[in-house]
Amino acid sequence: MNFGTRLIHNGNETDKHTGALSVPIYQVSTFNQGDIDSPGEFDYSRSGNPTRKALEETIAKLEGGDRGFAFASGMAATSSALSIFSAGDHIIVCEDVYGGTYRITSGFFSRFNVEISFVDASDLSKISANIKSNTRAIFLETPSNPLLKITDLKGAIKIAKENNLLVLIDNTFMSPYLLRPIEYGSDIVIHSATKFIGGHSDVIGGLVVVKGEALAKRVYAVQNGFGSILGPQDSWLLLRGLKTLKIRMDYQQKNAQLLAEWLEKHDRVSGVYYPGLKSHPGREIHFSYADGAGAVLSFKTVDVETAKRFMKKVRLAAVAVSLGGVETIASYPVRMSHASVPKAERERLGITDELIRVSVGLEDLDDLIEDFDRALKE
Ligand SMILES: *Cc1c(COP(=O)(O)O)cnc(C)c1O
């Protein structure tokens with residue numbers, strides 16, 4: 001079955017007991033186990049809950065992995081996945097990783113003596129150069145945020161396999177519709193389900209999918225032990241959101257492509273970053289493993305004043321952090337997601353005061369273009 005069909009028919013679409021066409025919200029903490037000699041499948045909702053299980057099985061199938069795990073947020077998913085490592089282990093992390101991931105790897109995990117190297121992963125030789133005897137894993141995010149830099153995923157996975165390293169991919173920007181890293185040999189896939197999977201800016205959640213039962217056991221031990229699980233209501237919202245993932249992505253991505261092409265010609269815009277553009281240096285590599293460019297783009301205005309004016313005047317984009325919702329969101333990285341990064345480091349990464357990131361929504365493109373044009377010029 002193709003992906004769109006699998007979103008709707010994946011074995012988790014109906015309630016096993018009533019046939020209801022929506023898995024019920026099992027709002028429950030504990031389960032009557034009846035016969036103590038042969039207890040039922042569920043005993044306590046931290047360890048397992050039927051609504052969460054339906055979501056976990058669905059995402060595992062969609063990513064082509066063996067098991068899925070649902071967490072209270074994308075960061076809970078990321079920190080739980082990273083908690084399978086031990087003091088003394090070394091992990092290579094791409095340098096323009098999500099800000100929250102940067103904070104927990106550089107701060108929290110360092111305190112527990114998990115050693116981290118931040119590397120420009122768009123240059124594979126830099127990955128190789130940083131592998132040491134205690135390196136256990138590579139953590140990647142592609143396209144990167146906010147400059148949509150591309151990592152050669154297949155090349156990075158090859159290096160990892162040659163060196164016996166696990167590969168963890170934050171697949172939030174692509175969603176399983178556009179990229180399934182496990183198909184290329186990745187071991188762990190992580191999502192902030194808050195973004196495209198939920199899709200409606202109304203739930204915070206995170207997902208992890210793993211390949212192989214041994215790894216699944218290690219992640220499950222953290223999920224059940226730390227207990228940063230996703231509740232049944234939010235699990236249900238993600239199941240609901242997933243059903244329309246393909247149709248939302250198709251439309252948002254088409255909007256993003258046309259908006260990027262339009263921005264590229266605009267005289268107040270000096271550069272557009274979107275892997276769907278012919279001018280994008282990583283385009284060919286990206287499309288060698290992904291099925292689309294996604295719905296997030298960034299652009300730089302000709303001067304700082306124009307960027308600030310755009311952020312003040314734009315009406316059809318919410319000025320907010322986050323992405324992947326049905327509504328267009330514009331964010332100003334230097335004041336929002338990357339405000340805590342020192343200015344010199346931001347400039348080195350290309351995150352300048354002229355940069356605006358846009359998550360393109362489901363509005364009619366003509367309206368978006370009219371609004372963006374006015375906000376750029378006014
Ligand atoms: C938002 C985001 C996260 C963190 O997810 P939360 O649900 O906010 O905890 C991680 N990675 C990426 C790429 C994100 O965009």
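Three nonpolar, three polar and four charged residues make up the lining of the largest cavity in this predicted model. If you want to find that lining in the structure above, look for Cys94, Asp96, Asp120, Ala121, Ser122, Glu141, Ser144, Lys149, Ile150 and Thr151. The space they surround has a volume of about 50 Å³.

How many cavities of 30 Å³ or more does a search of the whole structure find? The search turns up two. The second largest has a volume of about 30 Å³, and its lining is made of Asp96, Asn145, Pro146, Leu147, Lys149, Leu349 and Ile351. Sorted by class, that gives four nonpolar, one polar and two charged residues. You may recognise Asp96 and Lys149 here: both are in the lining of the largest cavity and in that of the second largest as well. As for how such gaps are found, rolling a probe the size of a water molecule over the atoms shows where empty space is left.

Now over to the ligand. The space it takes up is the largest pocket. Around the ligand you'll find Ser73, Gly74, Met75, Tyr98, Glu141, Asp170, Thr172, Phe173, Ser192, Thr194, Lys195 and Gly205. Glu141 is a handy landmark, since it belongs to this shell and also lines the largest cavity. Taken by class, the shell holds three nonpolar, six polar and three charged residues.

Which side chain has an N or O atom 2.6 Å from a nitrogen atom of the ligand? That one is Asp170. Thr194 also has a side-chain N or O atom 2.6 Å from the ligand, but here the partner is an oxygen atom. Right beside Thr194 in the numbering, Lys195 places a polar side-chain atom 2.7 Å from a ligand oxygen. On its own, the ligand has 380 Å² of accessible area, and the protein covers 92% of it.

Last stop: the aromatic rings. A pair of aromatic rings is described by the distance of the centres and the angle of the planes. There are eight aromatic pairs in the structure. For a group to pick out by eye, try Phe108, Phe109 and Phe112, which ring pairs link into a cluster.

Notes. Residues are numbered from 1 along each chain as its sequence is written. This is a predicted model: local features need pLDDT of at least 70, side-chain atom pairs count only at pLDDT 80 or more; totals for chains, interfaces and linings use all residues. Side-chain values use heavy atoms; hydrogens and water are left out. A residue is near a molecule or strand if one of its heavy atoms lies within 4 Å of it. A polar contact is a pair of N or O atoms within 3.5 Å; within protein, one must be able to donate a hydrogen and the other to accept it, and residues adjacent in sequence count only if both atoms are side-chain atoms. Accessible areas come from the Shrake-Rupley method with a 1.4 Å probe; for residues, only the protein chains shown count as cover. On a 1 Å grid over the protein atoms alone, a cavity is a set of points where a 1.4 Å probe fits but cannot get out, and a pocket is an open set with protein on both sides within 12 Å along at least five of seven lines; lining residues have an atom within 4 Å of a point. A molecule sits in a cavity or pocket if more than half of its atoms lie within 2 Å of its grid points. Ala, Val, Leu, Ile, Met, Phe, Trp, Tyr, Cys and Pro count as nonpolar, Asp, Glu, Lys and Arg as charged, and the others, Gly among them, as polar. Rings of Phe, Tyr and Trp (its six-membered ring) pair if their centres lie within 6.5 Å; planes under 30 degrees apart count as stacked, over 60 as edge-to-face and the rest as tilted. Grid points are joined across faces, edges and corners, and a volume is the space filled by probe spheres set on the points.
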